[in-house]
Amino acid sequence: MATESRSLPEYNPNAPADASAGVFGVPGSYETASVVYLPVPWEATTSYGGGTVHGPEAILGASAQLDLFDLEVLNPYLHGLYWAPEIPGILAMNEEASARAAAIKESGGVPENRTDLAESLAFVNRASDELNRKVRSETAKILRDGKLPAIIGGEHSVPFGAFQAAAECAGEFGILHFDAHSDTRSAYMGFRHSHASIMRNAAEQIPAITRFVQVGIRDFCEEELQFTRDQGSRFEVYYDQILQTRKMSGTPFSKISADIIKNLPEQVWVSFDIDGLDPRFCPHTGTPVPGGLDFMEALMILRELAKSGRKIIGFDLVEVAPPLSADGTPLEPVQAIDEWDANVAMRLLYKLSAYALASRGAADWNNLLKTPDASSK
Ligand SMILES: [Mn+2]
């Protein structure tokens, strides 16, 4: 893939950003991009708090606030970061599927003798299949064009088609999965492609994914614990409780990061559910859970991955949600705090992009190796 940087004519990175220019306030096009963000506004199976359907527009809207220069990887934006248009039809499909799913969620699933709900369930499952087909073909195109795909959710069910595309175009790979939840339930409430089932579906249906390394997991049922154990060495789960206890007992986080990364194969997809972080970084996400990673800890793990020589072949960032007003529409940001979820997410997105590019040989690694170390200046 193309990872060379280029200067952008008539663009001054030190000036205040032009919010209408593109993601992070930088002009760009698909043709010149190394990283392509594919927004997927979808939340049909969301089971608790809604709003992640508005995640992509909130992240894009907040992104112009970023200062582009990065101490570690210098100017990742020069490699070309492009925010693709939404796949046509997704928002309308989400609206109908969400409306049908609402009644199923209300009854906690589909009881016998409720043929109306069974019909709605079949509708939602067909819509999920259609969504997966669309995401798969768009992601495959991005990969075939030699670019890095980045899926922006939406709920955590959305990258399934992208995993399929990665398997088809790149062969075997591992998933580094940040999340509060295991996401290995079997068809939660009957939804075959539930946000709570993404890693189980991936494990059962995509044999090219040889490893799942889960980090920050702290909310799961016994069936999920059993499922991941039954998968043997294919699943390595860093439960938050155990990870945090190690940290609090004096193990340096750099050691913990290295332990996590060593389980991954050569090629890695990063699946980042924002609720893997401490909820103070994502207060409006759909299913927040206390505990979780600090922002800088997540970055250390990602840095360790990029430095390790493994290749990031794509990534997703999901479950980001802005605060909603009483009628379910996004709150018009009045104060900076209203944009907090999206602010954190766009900064994570920029770093994810930088580390992904760096893992493809695009960074000044001497710089990256030096800066996080307190002994250097
Ligand atoms: Mn998740």
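Colleague: Let's start with A258: does A258 count as buried, exposed or partly exposed?
Modeller: This is a predicted model, and in it A258 has 15 C-beta neighbours inside 10 Å. A residue needs 20 or more to be buried and 12 or fewer to be exposed. A258 therefore counts as partly exposed.

Colleague: Thanks! Which helix holds A258, and what separation do the C-alpha atoms of A258 and A356 have?
Modeller: A258 has its place in helix α8, residues 253-261. Along the chain, A258 and A356 are 98 residues apart. Their C-alpha atoms are separated by 17 Å.

Colleague: On to helix packing. Are α9 and α10 roughly parallel or roughly antiparallel?
Modeller: Helix α9 covers residues 295-307 and helix α10 covers residues 340-359; their axes are 9 Å apart and the packing angle is about 15 degrees. Angles under 35 degrees count as roughly parallel. That makes the relation of α9 to α10 roughly parallel.

Colleague: Which residues of α10 make the contact with α9, and how do the residues of the contact divide?
Modeller: On the α9 side the contact is made by F295, L299, L302, R303, L305 and A306. On the α10 side it is made by V344, K351, L352, Y355, A358 and S359. The residues of this contact divide into 9 nonpolar, 1 polar and 2 charged.

Colleague: L352 appears there. With which residues is L352 in contact, leaving aside its neighbours within four places in sequence?
Modeller: L352 is among the residues that touch the most other members of the largest nonpolar core, along with I59, L317 and A345. That core has 103 residues, and α10 gives the most to it, with 13 residues. Leaving aside neighbours within four places in sequence, the contacts of L352 are V270, F272, L302, F315 and L317.

Colleague: Now α3 and α4. Why do they count as oblique to each other?
Modeller: Helix α3 (residues 115-144) packs against α4 at an angle of about 40 degrees, with the axes 7 Å apart. Roughly parallel would need an angle under 35 degrees, and roughly perpendicular one from 65 to 115. α3 and α4 are therefore oblique.

Colleague: Is the crossing of α3 and α4 left-handed or right-handed, and how do its contact residues divide?
Modeller: The crossing of α3 and α4 is right-handed. Residues making the contact include R133, R136 and L143 of α3 and F160, Q164 and E168 of α4. The contact residues divide into 9 nonpolar, 4 polar and 5 charged.

Colleague: Which residues of α4 are buried, and what phi does G171 take just after α4?
Modeller: Helix α4 spans residues 160-170, and its buried residues are F160, G161, A162, F163, Q164, A165 and A166. Just after α4, G171 takes a positive phi, with a value of about 85 degrees.

Colleague: And before α4, what is omega for the peptide bond from G153 to G154?
Modeller: G154 lies in the loop between β3 (148-153) and α4. The peptide bond from G153 to G154 is cis, with omega near 15 degrees.

Colleague: Last one: F24 has a positive phi although it is not a glycine. Is F24 buried or exposed?
Modeller: F24 sits in the segment before β1 (35-40), and its phi is about 60 degrees. There are 24 other C-beta atoms within 10 Å of F24, and 20 or more is the cut-off for a buried residue. F24 is therefore buried.

Notes:
Residues are numbered from 1 along each chain as its sequence is written. This is a predicted model: local features need pLDDT of at least 70, side-chain atom pairs count only at pLDDT 80 or more; totals for chains, interfaces and linings use all residues. Axes are lines fitted to C-alpha atoms, for helices over the stretch in contact, and angles run from 0 to 180 degrees between N-to-C directions. Helices (H or I, at least four residues) and strands (E, at least two) are DSSP runs, numbered from the N terminus. Angles under 35 degrees count as roughly parallel, over 145 as roughly antiparallel, 65 to 115 as roughly perpendicular and the rest as oblique. Two residues are in contact if their C-beta atoms, placed from the backbone, lie within 7 Å. Ala, Val, Leu, Ile, Met, Phe, Trp, Tyr, Cys and Pro count as nonpolar, Asp, Glu, Lys and Arg as charged, and the others, Gly among them, as polar. A crossing is left-handed if the near helix is turned anticlockwise from the far one by less than a right angle, and right-handed if clockwise. A nonpolar core is a set of buried Ala, Val, Leu, Ile, Met, Phe, Trp, Tyr and Cys residues joined through C-beta atoms within 7 Å.
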